Amino acid sequence: MRFFSVFDIVKNKANQLGYTETEMYASLKNHNVNKKDLLAYKENGVIPTDKVLNGILSYLGMTKVELELKLGRIPAGLEDVFLNHTKEIAKILEDKNSVKLNEFNSIQETKPYFYTDLGKLYNGDCLELFKQVPDDNVDTIFADPPFNLDKEYDEGVTDKNSFSGYLDWYYKWIDECIRVLKPGGSLFIYNIPKWNTYLSGYLNRKLNFRNWITVDMKFGLPIQNRLYPANYSLLYYVKGDKPKTFNVQRIPLQTCPHCGREIKDYGGYKNKMNPKGVTLSDVWSDIYPVRHSSSKNRKFNELSVKLLDRIITMSTNEGDVVLDPFGGSGTTFAVSEMLGRKWIGFELGNCEIIKERLENKDKDRKLLDKVYEEKNKLFPDKVKELRKKNGLWIDDDFRQDNEENSEGDKKKRKQ
Ligand SMILES: C[S@@+](CC[C@H](N)C(=O)[O-])C[C@H]1O[C@@H](n2cnc3c(N)ncnc32)[C@H](O)[C@@H]1O
């Protein structure tokens, strides 16, 4: 865990010793550590073999325990030592924290780039902008950061960092998310599974895990000697024991688009099915990429209105505050506006696209209407028609049956 940052520790040591990079690698070689191995730890975070680890320790002049502490973890088997010295450790941590709090109080509020009755959009680096958000202030945070895949964004926005640089940056803004969330507030982080494995390890120490949501969607091209990547991961965590808001989401029963027949057989349980649909699981197969120019607001990544509607309605109520530190095309803010949620948005790149999108919401309204044609319905109207035409059951049949039965029951009780 976090072993990749050993590279920075090695580099610091070289700086202290006044080594050039070539001298650093030459010195490491004398300790049986070659450049290729060291770079592999930096890029992939893998744990070295004992032989290489001993070489690194001898170069650093450190013990294994000291290195583990520098890497930010309690050395295995020494947890009790920490538990028995909590007072001393707490004092060191609190002293460090008080410096941070003073820094926070001296920050001036940045002028928003744009605002509406419900929200404010700020143009700048999220790490800077977070500083002006008070603690325990936000109900839900949704974050869809760059994935470090060297994708093209606006000028001044980079999507290429080292392995350790990317994760270190990530942990910093995640800490800010945790600070500004209200108790019971929800944090959703969208990324490729590779990065979310690290983030979830980090988040497990700070928040309560709710779900690892698999968003079934192909991205990129098939890669030789690998499985074809076909899902994004959406991490869902809450601050504290349980979410302050969790509204159940329901989706239609899956049916064949040609004949309307259900894809899975629900046998004798049809009449027990909720007419509002099937409870949403943690695998989302009904979210599609925004590709068509008629629904796209910019040439870079953009998420669908449906995904944001689901996240926001699941975790907030009207009037609650939603924050998105990586605004992009402004999907989170457009959906928040339409659902009557307050919002706070940051974006380092071009904010004009977001402003224009929020000033004319017709396209987004139509997209949201389409989402609601299917939401909380066992069969959307079109599917109902198709099923009726093909003589298949629809939930209204059972509702009528149930109503007739309960009428019958009432009559029976009266007799
Ligand atoms: C994947 S996109 C977000 C797309 C967005 N969810 C949508 O639906 O349109 C990531 C965005 O984060 C922005 N960004 C990158 N680094 C940032 C930073 N440090 N602070 C704020 N925004 C940043 C990029 O400019 C980009 O627009």
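Me: A polar contact is a pair of N or O atoms within 3.5 Å, and inside a protein one of them must be able to donate a hydrogen and the other to accept it. The structure shown is a predicted model. What joins the side chains of lysine 375 and aspartate 309?

Reply: A polar contact of 2.7 Å joins the side chains of lysine 375 and aspartate 309. This separation satisfies the limit of 3.5 Å, so the pair carries that name.

Me: Where is lysine 375 placed, and why is this residue called buried?

Reply: Lysine 375 belongs to the loop between α14 and α15. Its relative accessible area is 14%, and buried means under 20%. Lysine 375 is therefore classed as buried.

Me: Which side chains make polar contacts with the side chain of glutamate 262?

Reply: One partner is the side chain of arginine 387, at 2.9 Å. Another is the side chain of tryptophan 393, at 3.0 Å. Both separations fall within 3.5 Å, so both pairs qualify as polar contacts.

Me: How do you know whether glutamate 262 is buried or exposed?

Reply: Glutamate 262 sits in the loop between β7 and β8. Its relative accessibility is 16%, and a value under 20% means buried. The conclusion is that glutamate 262 counts as buried.

Me: Why is asparagine 32 called exposed?

Reply: The relative accessibility of asparagine 32 is 53%, and exposed means over 50%. Asparagine 32 therefore counts as exposed. This residue lies in the loop between α2 (21-30) and α3 (35-44). Its phi is positive, about 65°, although the residue is not a glycine.

Me: What makes asparagine 225 an exposed residue?

Reply: At 79% relative accessibility, asparagine 225 meets the requirement of over 50%, and so counts as exposed. The loop between β5 (208-216) and β6 (231-238) holds this residue. Its phi is near 60°, a positive value in a residue other than glycine.

Me: Why is tryptophan 169 called partly exposed?

Reply: Tryptophan 169 has a relative accessible area of 22%. Partly exposed applies between the limits of 20% and 50%, so tryptophan 169 receives that label. The residue is part of helix α9 (residues 163-180). Tryptophan 169 and leucine 127 are 42 residues apart in sequence, and their C-alpha atoms are 9.0 Å apart in space.

Me: Is phenylalanine 142 buried or exposed, and how do you know that?

Reply: The relative accessibility of phenylalanine 142 is 2%, and buried means under 20%, so this residue counts as buried. Phenylalanine 142 is in strand β3 (residues 138-143). A separation of 7.8 Å lies between its C-alpha atom and that of tyrosine 190, 48 residues apart along the chain.

Me: What makes helix α12 mostly covered?

Reply: Eight of the eight residues in α12 (residues 331-338) are buried. Among them are Thr331, Phe333, Glu337 and Met338. Just after this helix, glycine 340 takes a positive phi of about 70°.

Me: Which residues are closest to the ligand?

Reply: The ligand is surrounded by 22 residues, and the closest are Asp144, Leu303, Ser329, Thr331 and Glu347. By class, this shell holds nine nonpolar, eight polar and five charged residues.

Me: How do you know that serine 329 and threonine 331 make polar contacts with the ligand?

Reply: A polar side-chain atom of serine 329 lies 2.6 Å from an oxygen atom of the ligand. For threonine 331, a polar side-chain atom lies 2.7 Å from an oxygen atom of the ligand. Each separation is within 3.5 Å, so each pair is a polar contact. A backbone N or O atom of cysteine 126 is placed 2.9 Å from a nitrogen atom of the ligand. The protein covers 98% of the 610 Å² of accessible area that the ligand has on its own.

Me: What is the volume of the second largest pocket, and which residues are closest to its centre?

Reply: Its volume is about 1500 Å³. Of the 50 residues that line the pocket, Pro252, Asp286, Tyr288, Lys306 and Glu374 are the closest to the centre. Elements that give two or more residues to the lining include β7 (250-251), α11 (305-315) and α15 (381-389). The largest share, six residues, comes from α14.

Me: How many residues of each class line the second largest pocket?

Reply: The lining has 22 nonpolar, 11 polar and 17 charged residues.

Key: Residues are numbered from 1 along each chain as its sequence is written. This is a predicted model: local features need pLDDT of at least 70, side-chain atom pairs count only at pLDDT 80 or more; totals for chains, interfaces and linings use all residues. Side-chain values use heavy atoms; hydrogens and water are left out. Buried means under 20% relative accessible area, exposed over 50%, partly exposed in between (1.4 Å probe, protein chains only). Helices (H or I, at least four residues) and strands (E, at least two) are DSSP runs, numbered from the N terminus. On a 1 Å grid over the protein atoms alone, a cavity is a set of points where a 1.4 Å probe fits but cannot get out, and a pocket is an open set with protein on both sides within 12 Å along at least five of seven lines; lining residues have an atom within 4 Å of a point. Grid points are joined across faces, edges and corners, and a volume is the space filled by probe spheres set on the points. Ala, Val, Leu, Ile, Met, Phe, Trp, Tyr, Cys and Pro count as nonpolar, Asp, Glu, Lys and Arg as charged, and the others, Gly among them, as polar. A residue is near a molecule or strand if one of its heavy atoms lies within 4 Å of it. Accessible areas come from the Shrake-Rupley method with a 1.4 Å probe; for residues, only the protein chains shown count as cover.
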